[in-house]
Amino acid sequence: MTTGSTDARPPAEIAEHDEDPPTGDPGRPERWRWLRHEWTLAVLGGLLLAVVLTWPTMRHPASTIPGDIGDPTLQAWQMAWAGHAVLSNPTGLWHSNTFFPETHTYAYSDTLLGYAPFGMLGSGFEAALVRYNVMYVLVHALAFVGAYALARQLGAGRLGGAVAGVAWAYAPWRLAHSGHLNILSSGGIALCLAMLARGHGWSLRHGYRPERRRPGWALAGWLVAAWQISLGFGIGLPLVYFLLAAVLVGAGGYGWSWWRRGRRPAFGRRLLVANLAGGAVFGAVTLLLGLVYLKVVDLNPQAERSLAWTEMFSPPLIGFVTAPADSWWWGERHAAAREQLSWPPEMALLPGMVLLALAAAGLFVSVFPARHRVALGLGVLGTVLLGLGVTLGGDGDPGYLTLSKHLPGWDALRTPGRMMHWTSLLLAVLAAGAVTVFATAVRRWSSRGWVGFLAPVVLLVPLALVGLEGVNRTAHPVVPTPPAAMRTAGEPMLVLPAGGAVDLIFMLWTTDGFPRVTNGLAGFEPVTQAQTRAATAAFPDPGSVAYLRGIGVRSVVALPGWTAGTPWEGIANRPFDGLGITREEIDGVLVYRL
């Protein structure tokens, strides 16, 4: 395909080769031609597909949340807090309104800091829910666009790119993480790789072509990678090490080519500057965020993850062909297989049966050269072996535990199965190569006879099949609304009952004004929180009142209807006379003012 004026390809294009006919209508006015451009259609199609395949997320976005009333409420609060802090007090970003009186509390979990600009839109509880639901849809759309762009840049056709995008963004294993927005937010991985490959004029299909270098795309790739890291190290850290390895391999290959040929290969000063500048930003973001997390561990030694966590979450081999319960197509069919998994949410890792079949075909029939297919196949094998964790060879060393022992920060990645991000992306690229050959063959076949009208239907078969595997049965529970009593209580406050998953709901409730609360839930428990819970088990009594006053708490909000089975059961009947406090009941909720 040529790139003349009739192709109407703007500089923003990532793809560099395919056999598909050019888009656009030469007779249409130039100012409207972008509406039919490949990338406009890819983005719009990705958004529409995301709404459909995440449905019913957008049915009641102001009252429900996908997954469960647990981690999603935490992440809705995280986005809201980031936007609030950046607008009101950027220097206090890391010291959130939760876990009072602790500091650096925003870094107790993957922060989703990169979503701070979205957190600036709207305010309050309902806005936090709507924002989360919209972002839940958008992360799927970005994953599709990222994988589509990567497959196209590497040399696949449009249909191959679409199959790769759908297969990666809606892989069955992702349905187990419907409540983990930080895990689903991986679109930046594929997108930054596509941009970096584009910037360096490189593809699987054609190798390195200096004339196709685009320094601006290389810089953009590094910036997208930095943004991906800002969403959390849970899936971002492997990207750091992958890019570091890619830089070392690329530099080594460049030096080898220079030495062997006796002359310096084409690279370009502008591309070098773009890499240095972009790499510096990427490195700085990684380092600064890493320092914050190290500070948290320094203040809370119990936050450091032992290798026992990795051993607990290491999946057996059967997990890689087992779908989670939320899969519409495979969920019930794989119920017996899931019973063999000790923790299905992290061990049901099916990338898609259709994807596995297409990727297997891609090892033998593909637009990509044989050596690159072999490399992709080895990459799939390597990431699967890492994903097995300690179940590889009995102890995972050599394997995942080797990385945990020797790579800084890797020991915090307690769930080896999340390497499936990389496994399924490699499978998607392999599948894209095979589908591209298939699409070319169908077009040639359709041009030779009266059966040509069947070609569109035949071409849609692989796309429809990978899409069906992504259909969900995800629950969308209604989130309890914050009681009016919380708006009348002075802060800092304690909300009872405290401890456990209920604290995640309380954190979300604080998005109405962000009052400071002692409540909070993370992957570890700060010392003061355990002390507060123990000291207030008999509240209200002289000891608990004195303790709360001592740490600066001004009020206690108690929800009697939520206290069954907790130390605060029957709190409404506990006397409070003579303690120097007052109590007010608002719609069944008790507010104690200290």
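**Helix packing, one sheet and a salt bridge**

Let me begin with one pair of residues: the side chains of E38 and R152 meet in a salt bridge, at 2.6 Å from N to O, where a salt bridge is a side-chain nitrogen of Lys or Arg within 4 Å of a carboxyl oxygen of Asp or Glu. This pair links distant parts of the chain, since E38 lies in helix α2 (residues 38-53) and R152 in helix α5, 114 residues apart; helices are DSSP runs of H or I with at least four residues, strands are runs of E with at least two, and both are numbered from the N terminus. By this rule the count of salt bridges comes to seven.

Please keep in mind that this is a predicted model, in which local features need pLDDT of at least 70 and side-chain atom pairs count only at pLDDT 80 or more, while totals for chains, interfaces and linings use all residues. Residues are numbered from 1 along each chain as its sequence is written, and side-chain values use heavy atoms, with hydrogens and water left out.

Staying with α5, the axes of this helix (residues 125-154) and of helix α18 (residues 420-446) come within 10 Å and cross at roughly 50°; axes are lines fitted to C-alpha atoms, for helices over the stretch in contact, and angles run from 0 to 180 degrees between N-to-C directions. That makes α5 oblique to α18, because angles under 35 degrees count as roughly parallel, over 145 as roughly antiparallel, 65 to 115 as roughly perpendicular and the rest as oblique. On the α5 side A147, L150, A151 and L154 meet L425, V429 and A432 in α18, contact meaning heavy atoms within 4.5 Å.

Helix α18 has a further partner, for its axis and that of helix α19 (residues 455-468) come within 10 Å and cross at roughly 170°, which makes α18 roughly antiparallel to α19. Here F438, A439, V442 and S446 of α18 make the contact with A455, V458, L459 and P462 of α19.

Turning to the strands, four of them form an open sheet with mixed pairing, in the order β3-β4-β6-β5, and two strands pair if DSSP finds at least two bridges between them. The edge strands, each pairing on one side only, are β3 (493-496) and β5 (582-586). Strand β4 (residues 555-558) pairs with strand β6 (residues 589-593) in the antiparallel sense over four bridges, and V557 stands opposite V591 in β6.
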